[in-house]
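Okay everyone, thanks for coming. Let's pull the structure up and walk through a metal site and then the core.

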Amino acid sequence: MVTTSTERQAMRRAGRVAARTLALIGTRLAAGISTADIDRWVREDTSTRGARPSQLGYHGFPAAVCTSRNDVVCHGVPRADELLQAGDILNVDITSELNGWHGDTSATFCIGEVSAEAKHLVETTRRALDAGLAVVRPGAHLGDIGAVIAELARREGCSVVTDFGGHGIGRKMHLPPHVSHVGERGEGLVLREGMTFTIEPMLNLGSPETRVLDDGWTCVTVDGSWSAQFEHTVLVTRRGHEVLTEAVPPRR
Ligand code: MF3
Ligand code: CO
Ligand code: CO
């Protein structure tokens, strides 16, 4: 999908809502809170901003936010009996719909002091997203994004999940194309000005294999190793790209 300049403005607004809510949640995370608390805060803050949590009811998803802790790769379902502990890592994935347009962003947070391994995983995943974003410009190929992410992950001893990927985004949360986090330079779709999509690498400390729990949503690593993820919504501009969900201070 390619956006017009009015549509890009609407995407910027939706992206900013998601980014602000994520920033607010980041300030509240602490040992002892539950992931259901996060879900409640996301509902409240999203509605304060005149938006709607896109994930709520999406294919029956029962919450407003995905909270994915430790060995949970993605699509973790918030629960009142899941309390954060010092040493945990937690991905909070927020998608907001404002005036019919969607913005999608996530970050992995460290709760208190985490192990050196966990810190390495989180930092490598953050760098993997940055590396993927850095190659986005008109004329680049989707495969360029996957290639730089996979190379960085391999160099740092982490594996890349291939069961899920980024996606086009606009008037729907999920649109074509599929954005793989592995790939070959020069292969795949050629990027054009006005395209909007997400990059959202999931990296594991062990094997990249995943499985879905009986709740039908929670996706975990098969080997129990920990997993981290970061996500931004990005717009291809004339000269490069613009991150529509850039991290912001948690104010209105
Ligand atoms: N925000 C998620 C993504 O990055 C979508 C999760 S779909 C849900 O694509 F139904 F699990 F919420
Ligand atoms: Co996404
Ligand atoms: Co997301």
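So, the site of the cobalt ion (ligand 3) is irregular, with angles of 58 to 166° among its 6 donor atoms. Irregular here is whatever fails the other classes: four donors are tetrahedral if all angles lie between 85 and 135 degrees, while four are square planar and six octahedral if opposite donors are over 155 degrees apart and all others between 65 and 115. Donors are N, O and S atoms within 2.8 Å of the metal (3.2 Å for Na, K and Ca), and water is not among the atoms, so sites may look incomplete.

Quick housekeeping: this is a predicted model, where local features need pLDDT of at least 70 and side-chain atom pairs count only at pLDDT 80 or more, though totals for chains, interfaces and linings use all residues. Residues are numbered from 1 along each chain, chains are lettered from A and ligands numbered from 1 as written, and side-chain values use heavy atoms, without hydrogens or water.

Which residues hold this cobalt ion (ligand 3)? From the protein, it's Asp93, listed twice through OD, plus Asp104 (OD) and Glu231 (OE), at 2.1 to 2.4 Å. Asp104 also bridges to the cobalt ion (ligand 2), with the two ions 3.3 Å apart. Asp93, at 8% relative accessibility, is buried, and Glu231 is buried too, at 0%; buried means under 20% relative accessible area, with a 1.4 Å probe and protein chains only.

Now the core: the largest nonpolar one has 45 residues, and Leu29 and Val92 are among those with the most contacts inside it. Such a core joins buried Ala, Val, Leu, Ile, Met, Phe, Trp, Tyr and Cys residues through side-chain atoms within 4.5 Å.

Note on methods
Buried means under 20% relative accessible area, exposed over 50%, partly exposed in between (1.4 Å probe, protein chains only).
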